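Reader: Could you take one part of this model and go through it closely with me, then show how the rest of the chain looks around it? Keep it relaxed, but give me the cut-offs as you go.

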Amino acid sequence: MIPAIEAVDVHKTYPRAWRKSAKEALKGVSLLIPQGETFGFIGPNGAGKSTLIKILTGVLRPTQGRAALFGEDVGKHEARRGLGFVPENPSLQEFLTPLEILVMGLRLHAVKVDDERRHCLGWLERFDLTAVANSPLRGFSKGMMQRTALAHALAIRPRLLILDEPLSGLDPVGRKDVVDILDDYRKGGGTLFFSSHVLHDVERIADRFGLIHKGELLTVRSPRELVEDQADCYVVRYRADCAVGASATVRAGLYVREVHADELAAAIGDIQQDGGTVQDVLPKASLEAVFFRTIGEGRSVGG
């Protein structure tokens with residue numbers, strides 16, 4: 001079966017005329033995502049997540065390498081047939097209503113339904129937007145704009161959803177609702193590629209995740225692989241003036257230390273004795289633990 005997404009040795013360099021050197025945002029990223037998979041894309045700010053998404057959606061051209069959707073080069077408009085896309089900060093026409101946005105999306109994507117209005121209102125209801133279906137977007141909160149954009153992307157019955165920080169601006173209730181809707185889309189056989197800073201939600205719905213840092217894809221793994229590879233281990237995250245023992249630096253004043261279960265109590269005692277404050281203790285199998293460990297080490301972990 002043709003993969004939904006394929007990236008081969010993708011590089012992207014942004015020129016900087018006012019500086020001596022250019023910025024290399026992507027450094028040879030290769031990725032293969034089969035149809036029907038939900039893939040979570042994580043990494044700190046500036047890691048290259050949005051740059052890769054812009055290349056996959058045809059907004060940017062790679063400096064080197066190639067990318068394709070369903071076997072079609074991303075530079076061709078055919079590649080975007082059946083693609084639902086929501087950027088991190090959706091730009092919607094504020095004089096239009098949510099209902100008009102969704103109807104326009106159906107027509108632009110040539111999606112045929114028996115009743116356009118009923119179909120679109122159904123999606124607006126799922127995103128709790130029925131009460132404002134006929135209200136202009138002007139004055140909507142960021143969360144309401146985000147939900148409108150997500151409803152628009154799903155209303156076209158996409159074969160592929162690419163979402164850049166889809167939970168941005170949503171309150172806890174709205175975030176849970178959106179995660180449930182995306183989970184339903186996954187269960188229905190759709191392909192989902194999304195970036196997120198909310199690691200718990202990535203861990204909940206993603207079949208696999210990829211961690212990118214400084215333009216390099218450091219690891220691609222599944223939740224099951226995390227459990228199998230890292231059982232009986234813990235990650236202690238703590239704050240201190242300097243690292244205690246064999247620890248990785250997350251940022252100034254924040255460190256992580258990996259220990260086996262039988263060493264956990266002694267490690268916490270060492271940290272506290274040296275004046276450190278334990279922030280939390282996580283099973284090493286958690287996505288958050290892998291995130292901090294990989295970023296701290298700055299090297300590939302598995303995958």
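Author: Beyond the residues up to four places away in sequence, L264 touches Y234, V236, V259 and V281, where a contact means heavy atoms within 4.5 Å. Before going on, note that this is a predicted model, in which local features need pLDDT of at least 70 and side-chain atom pairs count only at pLDDT 80 or more, while totals for chains, interfaces and linings use all residues. Numbering runs from 1 along each chain as its sequence is written, and side-chain values use heavy atoms, with hydrogens and water left out.

Back to L264, which sits in helix α8, residues 264-273. Helices here are DSSP runs of H or I with at least four residues, strands are runs of E with at least two, and both are numbered from the N terminus. L264 has a relative accessibility of 18%, so it counts as buried; the labels are buried for under 20% relative accessible area, exposed for over 50%, and partly exposed in between, using a 1.4 Å probe and protein chains only. V235 is 29 residues away from L264 along the chain, and their C-alpha atoms are separated by 9.0 Å.

Now look at R257, in strand β13, which covers residues 254-260. It may catch your eye that this arginine is buried, with a relative accessible area of 15%. Skipping its neighbours within four places in sequence, R257 contacts Y234, V235, V236 and Y238, then V244, G245, A246 and S247, and finally A267, D270 and I271. Y234 and V236 also turn up in the list for L264.

Next door in sequence to that stretch is D232, in the loop between α7 (223-229) and β11 (233-239). D232 has 60% relative accessibility, so it counts as exposed. If you leave out residues up to four places away, D232 touches H260 and A261. For a sense of scale, D232 and R61 are 171 residues apart in sequence and 44 Å apart in space, C-alpha to C-alpha.

Over in the earlier part of the chain, T63 lies in the loop between α1 (49-56) and β4. T63 touches H11, K12 and T13, again not counting residues up to four places away. T13 is 50 residues from T63 along the chain, yet their C-alpha atoms are separated by 6.2 Å.

Following β4 (64-69), there is F70, placed in the loop before β5 (72-73). F70 is not a glycine, but its phi is positive, about 50°. F70 is also buried, at a relative accessible area of 12%.

A110 has a positive phi too, about 55°, and it isn't a glycine either. A110 comes just after α2, in the loop between α2 (98-108) and α3 (116-126). Unlike the buried F70, A110 is exposed, with a relative accessible area of 54%.

As for α2 itself, P98, L99, I101, L102, V103, G105 and L106 are buried. An α-helix has 3.6 residues a turn, so residues three or four places apart point the same way. The cover over the buried residues of α2 includes α3 and α4 (142-155).

Zooming out, the protein chain has 9 helices and 14 strands. A compact globule of 303 residues would have a radius of gyration near 19 Å, and the chain's 21 Å agrees with that; the radius is taken over C-alpha atoms, and the globule rule is 2.2 Å times the number of residues to the power 0.38. The C-alpha trace spans about 65 × 45 × 45 Å along its principal axes. Buried residues are 48% of the 303. Of the contacts between residues at least 6 apart in sequence, 66% join residues at least 24 apart.

Last, how far to trust it. pLDDT, the predictor's confidence in each residue from 0 to 100, averages 89 over the chain, and 92% of residues reach 70 or more. Residues 299-303 stay under 50, and the model has 14 contacts for them beyond four places in sequence. Where pLDDT is low, the predicted coordinates should not be read in detail.
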